Amino acid sequence: MKQSTAANSHWLAALLSSLLLLNLLHLIGADEAFSCPNGWELRGLNCYKYFNIKHSWDKSAELCRRYGAELVAIDSYAENNETLAIARASDPNQRASDKYWLGLASLDDLRTNTLESASGALISQYSGYWSLHQPNAESGECVAAAFAGKSQSWDLGTCESLLPFMCRAQACPQGSLHCANGKCINQAFKCDGSDDCGDGTDELDCPAQCHYHMQSGGDVIETPNYPHKYGALSKCKWTLEGPLGSNIILQFQDFETEKTFDTVQILVGGRTEDKSVSLATLSGKQDLTTQPFVSASNFMIVKFTTDGSVERKGFRATWKTEAKNCGGTLKATLQRQILTRKKSSSSIRIFVIALTFIRYS
Ligand SMILES: [Ca+2]
Ligand SMILES: [Ca+2]
């Protein structure tokens with residue numbers, strides 16, 4: 001009797017511990033084991049982001065790559081539903097129906113029933129979740145997701161259409177660092193002086209080395225100790241990043257460095273120096289309060305380099321982002337049209353296009 005009670009209690013203990021383990025695994029789940037960069041949504045082993053700005057299919061694919069991602073190439077029914085939910089939640093207007101780019105395009109006008117993904121993978125057209133009367137090669141080559149109500153189906157359309165888009169990147173194991181090129185690296189390699197990501201992401205935000213990565217709609221940047229003298233042999237860098245589809249405007253309030261030897265360089269175009277071009281190199285005592293510096297992308301890099309002697313108070317500047325108002329769709333009509341450029345509240349006429357249609361008969 002005693003023996004069987006002991007056996008029972010062992011069995012009960014084993015059952016309890018396995019139940020505990022099951023519970024624990026359920027609690028941890030994939031959500032705890034993997035992570036996404038800020039602003040991206042984790043689903044399974046992938047990260048998704050819906051960009052509510054409109055671009056052509058090619059440009060959208062290029063913008064996704066800037067984040068180490070690809071235009072999303074949906075490959076399961078579950079993913080078709082997940083992306084629909086993300087798109088609907090990300091659209092502030094909550095429109096009942098809309099379209100956005102997927103990372104798929106038809107190959108050879110579907111003669112081989114094949115689609116190609118933005119990353120070059122080939123898949124069968126039959127694995128798509130098509131709208132009625134689609135895929136129709138005559139309606140275009142690029143695949144857009146069309147959502148209406150609670151369902152999402154695919155349409156082929158012209159690749160030059162301007163649509164929002166969704167990017168997909170691989171999630172990183174929890175605790176690792178997301179490089180901007182999509183790589184995951186151990187947190188221990190952050191700010192150790194060597195470029196482990198391959199694109200410099202891990203050395204971008206290192207305050208101890210005077211490297212700052214600011215991701216917001218604007219802020220203030222100052223040289224170390226401002227308004228007191230900066231240090232000799234300083235090497236500071238501010239990487240300013242606004243939301244996609246915005247420009248960055250930098251405005252100095254105060255500027256004084258040792259002429260020629262202590263310089264401030266402003267670079268624009270990309271997140272890293274090798275992807276950027278130099279906009280200006282400044283030094284000396286200057287009044288720059290009426291001279292804003294503007295990047296045509298959502299990135300700006302400010303580098304501050306000083307030599308071994310003679311220090312001044314340095315600089316103080318503010319930066320902000322501004323939504324790009326340029327661009328849009330031009331429709332050809334039989335009537336003359338006037339293109340205007342907005343400036344404050346008034347419009348300045350810049351040129352007139354006369355469209356002439358020649359009818360061949
Ligand atoms: Ca590193
Ligand atoms: Ca100096």
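Biologist: Why is Leu-110 called partly exposed?

Modeller: In this predicted model, Leu-110 has 16 other C-beta atoms within 10 Å; a residue is buried from 20 such atoms upwards and exposed at 12 or fewer, so a residue with 16 falls in between and is called partly exposed. Leu-110 lies in the loop between strand 5 and strand 6, and its phi is positive, about 65°, although it is not a glycine.

Biologist: What makes Asp-109 count as exposed?

Modeller: Asp-109 has 10 C-beta neighbours inside 10 Å, and because the limit for an exposed residue is 12 or fewer, Asp-109 counts as exposed. Asp-109 is also found in the loop between strand 5 and strand 6 (114–117), and its phi is near 50°, which is a positive value in a residue other than glycine.

Biologist: How do you know that Lys-190 is partly exposed, and where does Lys-190 lie?

Modeller: With 17 other C-beta atoms within 10 Å, Lys-190 is partly exposed, since the count stays under the 20 needed for a buried residue but exceeds the 12 that would still be exposed. Lys-190 lies in the loop between strand 13 (184–186) and strand 14, and, leaving aside its neighbours within four places in sequence, Lys-190 is in contact with Leu-177 and Asp-202. The C-alpha atoms of Lys-190 and Cys-206, which are 16 residues apart along the chain, are separated by 8.0 Å.

Biologist: What makes the largest nonpolar core a core, and which residues have the most contacts inside it?

Modeller: A core of this kind is a set of buried residues of nonpolar types, joined through C-beta atoms within 7 Å, and the largest such set has 38 residues, with Leu-71, Trp-101, Leu-102, Val-143 and Cys-167 having the most contacts inside it. Among the elements that give two or more residues to this core are helix 2 (57–65), helix 3 (77–90), strand 5 (97–106) and strand 8 (142–148). A second, separate core of 19 residues includes Leu-240, Phe-252, Phe-255 and Trp-319.

Biologist: Which residues is Val-143 in contact with, leaving aside its neighbours within four places in sequence?

Modeller: Val-143 is in contact with Leu-102, Leu-104, Ala-105, Leu-115, Trp-154 and Leu-156, where a contact requires C-beta atoms within 7 Å of each other.

Biologist: How do you know that the length of helix 3 agrees with what it should span?

Modeller: The 14 residues of helix 3, at 1.5 Å a residue, should span 20 Å, and because its end C-alpha atoms are 20 Å apart, the two values agree.

Biologist: Why are the buried residues of helix 3 said to line one face?

Modeller: The buried residues of helix 3 are Thr-83, Leu-84 and Ala-87. Seen down the axis of helix 3, they fall within an arc of 105°, so they line one face of the helix. In general, an α-helix has 3.6 residues a turn, so residues three or four places apart point the same way. On the other side of helix 3, Ala-78 and Ala-89 are exposed.

Biologist: Why are strand 14 and strand 19 said to stand at the edges?

Modeller: The open sheet concerned has five strands in the order 14-16-21-18-19, with mixed pairing. Strand 14 (211–215) and strand 19 (277–282) each have a single partner strand, so one side of each is left without a neighbour in the sheet. The twist averages 15° from one strand to the next.

Biologist: How do you know that strand 18 and strand 19 pair?

Modeller: Two strands pair if there are at least two bridges between them, and strand 18 (residues 263–268) and strand 19 have five, running in the antiparallel sense. One of the partners is Leu-282 in strand 19, which bridges to Val-264.

Biologist: What makes strand 15 and strand 20 the edge strands of the sheet with the order 15-22-17-20?

Modeller: Strand 15 (218–222) and strand 20 (293–295) each pair on one side only, in an open sheet of four strands whose pairing is antiparallel. Within this sheet, ten bridges join strand 17 (residues 246–256) to strand 22, and strand 15 pairs with strand 22 (residues 314–323) over five bridges.

Biologist: What makes the bond between Gln-134 and Pro-135 a cis peptide bond?

Modeller: The omega of the bond that joins Gln-134 and Pro-135 is about 0°, and the bond is cis; Pro-135 is found in the loop between strand 7 (122–124) and strand 8. The peptide bond from Tyr-226 to Pro-227 is cis as well, with omega near 5°.

Notes
Residues are numbered from 1 along each chain as its sequence is written. Chains are lettered from A and ligands numbered from 1 in the order in which they are written. This is a predicted model: local features need pLDDT of at least 70, side-chain atom pairs count only at pLDDT 80 or more; totals for chains, interfaces and linings use all residues. Two residues are in contact if their C-beta atoms, placed from the backbone, lie within 7 Å. The expected span of a helix is 1.5 Å times one less than its number of residues. The arc is that of the directions from the helix axis to the C-beta atoms. Axes are lines fitted to C-alpha atoms, for helices over the stretch in contact, and angles run from 0 to 180 degrees between N-to-C directions.
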